[in-house]
Amino acid sequence: MDCLFCKIIAGEIPSNKVYEDDFVLAFHDIAPQAPTHVLVIPKAHIPSMAAVNEENAEIVSKVLSAVSKVAKELGLEENGYRVVSNCGEYAGQTVHHLHFHILGGKQLDLKMC
Ligand code: AMP
Ligand code: ZN
């Protein structure tokens with residue numbers, strides 16, 4: 001499948017990994033928008049939040065647990081952080097494999113849109 005993040009999971013494209021288990025991979029974003037900017041993704045190809053359903057909810061829950069764990073390990077818990085998942089065109093989703101951005105390490109802009 002021609003999916004950038006599936007290629008990263010397969011090791012065909014290198015990434016700066018911060019966490020990995022059987023279901024989840026987390027790696028530093030190549031174009032960080034905050035001092036800490038990590039992407040957390042399921043190893044299964046789920047295109048976006050729009051494809052999350054009862055069938056894959058267990059995987060998504062593992063991804064969200066990893067978001068919390070990774071944020072803690074990166075030392076973001078004390079001061080806080082933001083979790084973002086862009087879904088579809090209006091949100092500017094560029095990679096069509098579900099991912100959660102973890103953004104932290106500074107006081108973030110409060111603007112949401
Ligand atoms: P989105 O715009 O929400 O779909 O997010 C896609 C993210 O993937 C962007 O923040 C990109 O900077 C990031 N990205 C694209 N290619 C890579 C790569 N090879 N390694 C790490 N992050 C990437
Ligand atoms: Zn994929």
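The side chain of His-99 has a polar atom 2.7 Å from the backbone oxygen of His-97, a polar contact (a pair of N or O atoms within 3.5 Å; within protein, one must be able to donate a hydrogen and the other to accept it, and residues adjacent in sequence count only if both atoms are side-chain atoms). This is a predicted model, in which local features need pLDDT of at least 70 and side-chain atom pairs count only at pLDDT 80 or more, while totals for chains, interfaces and linings use all residues. Side-chain values use heavy atoms, without hydrogens and water, residues are numbered from 1 along each chain as its sequence is written, and chains are lettered from A and ligands numbered from 1 in the order in which they are written.

His-99 belongs to the loop between strand E4 (81-84) and E5; strands (E, at least two residues) and helices (H or I, at least four) are DSSP runs numbered from the N terminus. With a relative accessible area of 5%, His-99 is buried, a term for values under 20%, whereas exposed means over 50% and partly exposed lies in between (1.4 Å probe, protein chains only). Phe-100, in strand E5, counts as buried because its relative accessibility is 7%. The C-alpha atom of Phe-100 is 9.7 Å from that of Arg-82, 18 residues apart along the chain. Lys-111 offers a contrast: this residue lies in the segment after strand E5 (100-104) and is exposed at 60% relative accessibility.

His-99 also leads to ligand 1, since a polar atom of its side chain is 2.9 Å from a ligand oxygen. For both His-101 and Asn-86, a side-chain polar atom (N or O for Asn-86) lies 2.8 Å from an oxygen of ligand 1. On its own, ligand 1 has 500 Å² of accessible area, of which the protein covers 85% (Shrake-Rupley method, 1.4 Å probe).

In total, 16 residues surround ligand 1, and the closest are Asp-29, Asn-86, Thr-94, His-99 and His-101; a residue is counted if one of its heavy atoms lies within 4 Å. By class, this shell holds eight nonpolar, seven polar and one charged residues, with Asp, Glu, Lys and Arg as charged, Ala, Val, Leu, Ile, Met, Phe, Trp, Tyr, Cys and Pro as nonpolar, and the others, Gly among them, as polar. Helix H1 (4-9) and strand E2 (24-28) each supply at least two shell residues, and H1 gives the most, with three.
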